[in-house]
Each structure stands twice: as structure tokens, then as C-alpha cells.
Amino acid sequence: MPFKLIPIGKFGAVVEGLDLSELADTHTVSHLRRTLAAFQLLLFRGQAISPQEQLRLTEYFGDLEPGIARRPDFHQVKGYPDLLHIRNTPGSPTLDYGSAWHSDGLAYARTPHGATVLHCVACPPDVGDTLFANQYAAYDAIPEVLRESLDGRYWYLPPIDYSEVPDGKGLAQPLFRMHPETGRNFIFHAPQAAQIRGMTRAESTREIDVIRRCQVREDLVYRHSWHPEDVIVWENCTLLHNRADTVDFGTQGLRAMHRSATSGQFDAIECEAPLESE
């Protein structure tokens, strides 16, 4: 075993015995990828990695997600267009990032992100936690009759910032997917979505409300309290995440994260634009 795993709870694991500033061998990289699929979330503590080392770590799990580099320069770590600089400094364009339940790219991208890597540069104690919700368990929590009736259904991506929905058309993702490695079903639904394909918005409301409640049930959530030099890698397809609270820079101090991501593998389908009458 090239590293030691300590399970966090119902999902997730602390990884010990690896220095992320050092180049990993092929066997270790392969083992990390399998471990991520099995645990959904990997936590590395005490990792003083540079931006270059974070990008190298990210590439252990796949190709870099190209959408980050298309964001405005002042959203990014200077000199590293594939790293978002999430910070709570006054005037920061990323001040509100992560303030609602989401999965990176799921609500706006043709291909949502695969794995996300978040490196804690700074965080005051006892604030700024991140919540992660298990979408395997959320799938199991949906009443069986509703789950069967929604099997094969798609939802429309909503019109939000950075949306990749083409003008006059729609993009849609299935409500449920199966993980290609674990063979387990999970909910693949953005909480921002408002309409299921083949239903009106009004007809979609009840089903979407039930799905949302199942997605973020308290017993399915892991709450992570950040320490500087924490690094977390997680699967976007099987987890939602959310910043638990707001950290005020003036009274509480700096909360700063470097975020990178890989390209995902679950493409949306291009379809008709959602119509209220549908």
C-alpha cells in the first residue's frame, strides 16, 4: 500500500503517507484514482503545495477542466489560469462562490467537472466550513415509486451565469446516472434546476422538491472544518457541496482557497429549449 486510509464516516477518507509536493509514481496515481471512486472524497492534511504542484495533483485524476481558464483573469491565481482564487477579500469577484448547494459545472456546463481539488491557503478557526452531501445515499432515499416514475427523465439546465446553453436551444441531463466504476446509481441533479423535460414547470415542482430534500438530508452530509494546508479532492458527480457560512474579512480574517478541476465524463444532451407549456 503506497499510503494509508482513515475513513471519515459514511463516505470520504483521510489519506496519510503521501507528500503531494513530490511526483507520484504510476502505481500510486492509479491507486489514488480507484480510491477516489470508492470513497468520493479524499482529505490530505499539512500539504504546503505550490500552484504548479496542485495542477500536477489535479492531472492525476484527469485532464484539466478548460472552463476555468476562460474566466476573467482576476478570478484566477495570477499566472495560473487553471486555478481559481476563491477569497473573501473586499471586492473579490469570488466572494459569493460556493454559497449554495451545487456540483461544479452541473448547472451550466455541457460537461460538468469531474474531480475538484481545493487547497486551503488560509482560513480562520471555527468558520468557513464546507458541507458535502452524498448523492448515492440521496438516490436511495427517494421513495421507490417516485424513483421508478422518474427513471429515464431529464432536467433542463437553468439560465444562470456562465451558462453554456446555446441560444434558442436547451441542454439537459438525466436525473439519475450510474457510476461507471462502482456500478452504483446516484442523483445527478442541480438544485438550481426548475423543470423536468416533458413536464411543465408547475408539474415539475413536486418531484423536484422531493429530490432536493433527499439530496441534502442532514444525515447524508459531511461537514469539513478547514485548516491551512488542507487539500481535498472530491468527485463532483456523486457529491454536492456548499459553503456552510460566510467569513467576514474585516472581523474574522482571510479565507482563501485555490480551486482546480478535471474535465468530467457526463455530457448533457442538446435539445429543445424548455417551454412553460411543455
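**Exercise 1.** In this predicted model, decide whether C214 is buried or exposed, and then determine how many disulfides a search of the whole structure finds.

*Solution.* Begin with C214, whose relative accessible area is 7%; because buried means under 20%, C214 counts as buried. C123 is treated in the same way, since its relative accessibility of 9% also makes it buried.

Next, turn to the sulfur atoms, for which a disulfide requires a pair within 2.5 Å. The cysteine sulfur closest to that of C123 belongs to C120 and lies 5.1 Å away, which is too far for a bond. For C214, the nearest cysteine sulfur is that of C237, at 19 Å, and C214 is in no disulfide. The search of the whole structure accordingly finds zero disulfides.

**Exercise 2.** Describe the largest pocket by its volume, by the residues closest to its centre and by the classes of its lining residues.

*Solution.* The volume comes to about 670 Å³. Of the 29 lining residues, D96, Y97, G98, H102 and D104 are the closest to the centre. Strands β14 (239-243) and β15 (256-263) each contribute at least two lining residues, and β14 gives the most, with three. Sorted by class, the lining holds 13 nonpolar, nine polar and seven charged residues.

**Exercise 3.** State how many cavities of 30 Å³ or more the search finds, and which residues line the largest cavity.

*Solution.* The search of the whole structure finds one such cavity, and the largest cavity holds about 90 Å³ of space. Its lining is made up of I86, R87, N88, T94, L95, R243, D245, T246, V247 and R255, which divide into three nonpolar, three polar and four charged residues.

Note on methods. Residues are numbered from 1 along each chain as its sequence is written. This is a predicted model: local features need pLDDT of at least 70, side-chain atom pairs count only at pLDDT 80 or more; totals for chains, interfaces and linings use all residues. Side-chain values use heavy atoms; hydrogens and water are left out. On a 1 Å grid over the protein atoms alone, a cavity is a set of points where a 1.4 Å probe fits but cannot get out, and a pocket is an open set with protein on both sides within 12 Å along at least five of seven lines; lining residues have an atom within 4 Å of a point. Grid points are joined across faces, edges and corners, and a volume is the space filled by probe spheres set on the points. Ala, Val, Leu, Ile, Met, Phe, Trp, Tyr, Cys and Pro count as nonpolar, Asp, Glu, Lys and Arg as charged, and the others, Gly among them, as polar. Buried means under 20% relative accessible area, exposed over 50%, partly exposed in between (1.4 Å probe, protein chains only). Helices (H or I, at least four residues) and strands (E, at least two) are DSSP runs, numbered from the N terminus.
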